[in-house]
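Grab a coffee and open the structure viewer. Here are a few exercises to work through, each with a solution you can check step by step.

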Amino acid sequence: MLEAMNRDDITEQVVVARLQKGLSWQDLAEAIDRPVVWTTSALLGQHPLPVRAAEIVVDKLGLDAAAVPVLAAVPLRGGLSSPVPTDPTIYRFYEAVQVYGPAIKELIHEQFGDGIMSAINMSVDVQKKPHPGGDRVVVTFDGKFLPYEWVRADGDDRGD
């Protein structure tokens, strides 16, 4: 009987196979014609891959074909192993949001109105920027603004 594959197992297989084959995340992104940050996030379990893209990745990494439907399935997103991340790189983002989050929120409301920046309709980019004091990491979150809207249960959107 074939043992069912789960997302965590496949993520581990992807990471190991990528390293064993000497492939970068950029190589895999180019193979499926997707942005590198999105591809990396998808292969780490945060987005479903289109079936054809999953087939390409499985072939390129030499994984079992049973990984395709798991890679293509809608994942449980956003799960970290602890409420406060302990990995130093991820923790620094947590720290930055604690320090700058309220200011960013205020500036979004001041410039756009009452609403949020979407993480569903978003692109993310990571760039290396040379600097005399040491290379800089530039992370760009480009999310659609979604205004809060009040709609009554009867469909009347007058907000009263």
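The exercises below go from the core to the aromatic pairs, the hairpin and the annotated sites.

Before you start: this is a predicted model, where local features need pLDDT of at least 70, side-chain atom pairs count only at pLDDT 80 or more, and totals for chains, interfaces and linings use all residues. Residues are numbered from 1 along each chain as its sequence is written, and side-chain values use heavy atoms, with hydrogens and water left out.

**Exercise 1. Find which residues of the largest nonpolar core touch the most other members, and which helices supply the core.**

Step 1: Get the term straight. A nonpolar core is a set of buried Ala, Val, Leu, Ile, Met, Phe, Trp, Tyr and Cys residues joined through side-chain atoms within 4.5 Å. Buried means under 20% relative accessible area, exposed over 50%, and partly exposed in between (1.4 Å probe, protein chains only).

Step 2: The largest core has 20 residues, and Val14, Leu43, Leu49, Leu61 and Leu71 touch the most other members. At least two residues each come from H1 (7-20), H2 (25-32), H3 (36-43), H4 (51-61) and H5 (67-72). H4 gives the most, with five. (Helices, H or I with at least four residues, and strands, E with at least two, are DSSP runs numbered from the N terminus.)

Step 3: Zoom in on Leu61. Not counting residues up to four places away in sequence, Leu61 touches Val14, Ala17, Arg18, Lys21, Leu23 and Leu28; contact means heavy atoms within 4.5 Å.

**Exercise 2. Work out how the buried residues of H3 are arranged around its axis.**

Step 1: List them: Thr39, Thr40, Ala42 and Leu43.

Step 2: Look down the axis of H3. These buried residues fall within an arc of 160 degrees, so they line one face of the helix. The arc is taken from the directions from the helix axis to the C-beta atoms.

Step 3: Ask what sits on top. The cover includes H1, H2, H4 and H5.

**Exercise 3. Locate the aromatic pairs and say how each is oriented.**

Step 1: Rings of Phe, Tyr and Trp (its six-membered ring) pair if their centres lie within 6.5 Å; planes under 30 degrees apart count as stacked, over 60 as edge-to-face and the rest as tilted. The whole structure gives two pairs.

Step 2: Tyr91 and Tyr94 are tilted, at 5.7 Å centre to centre and 45 degrees between the planes. Both sit in helix H6 (residues 88-112), three residues apart, or about one turn of the helix.

Step 3: Phe112 and Phe145 are stacked, at 5.1 Å and 25 degrees. Phe112 belongs to H6 and Phe145 to strand S2 (residues 136-147), so this pair ties together parts that are 33 residues apart in sequence.

**Exercise 4. Describe how S1 and S2 pair.**

Step 1: Strand S1 (residues 115-129) runs antiparallel to S2 over 11 bridges; strands pair if DSSP finds at least two bridges between them.

Step 2: Check the register and the turn. Val124 stands opposite Phe141 in S2. The two strands make a hairpin with six residues between them, and Gly134 in the turn has a positive phi of about 125 degrees.

**Exercise 5. Take the residues UniProt lists for "active site" and decide whether Arg92 and Ser118 are buried or partly exposed.**

Step 1: The unreviewed UniProt entry lists Arg92, Glu95 and Ser118. Positions follow the numbering used here, feature names are shortened, and annotations may be inferred rather than shown by experiment.

Step 2: Arg92, in helix H6, is partly exposed at 47% relative accessible area.

Step 3: Ser118, in strand S1, counts as buried at 4%. Leaving aside neighbours within four places in sequence, Ser118 is in contact with Gly143, Lys144 and Leu146.
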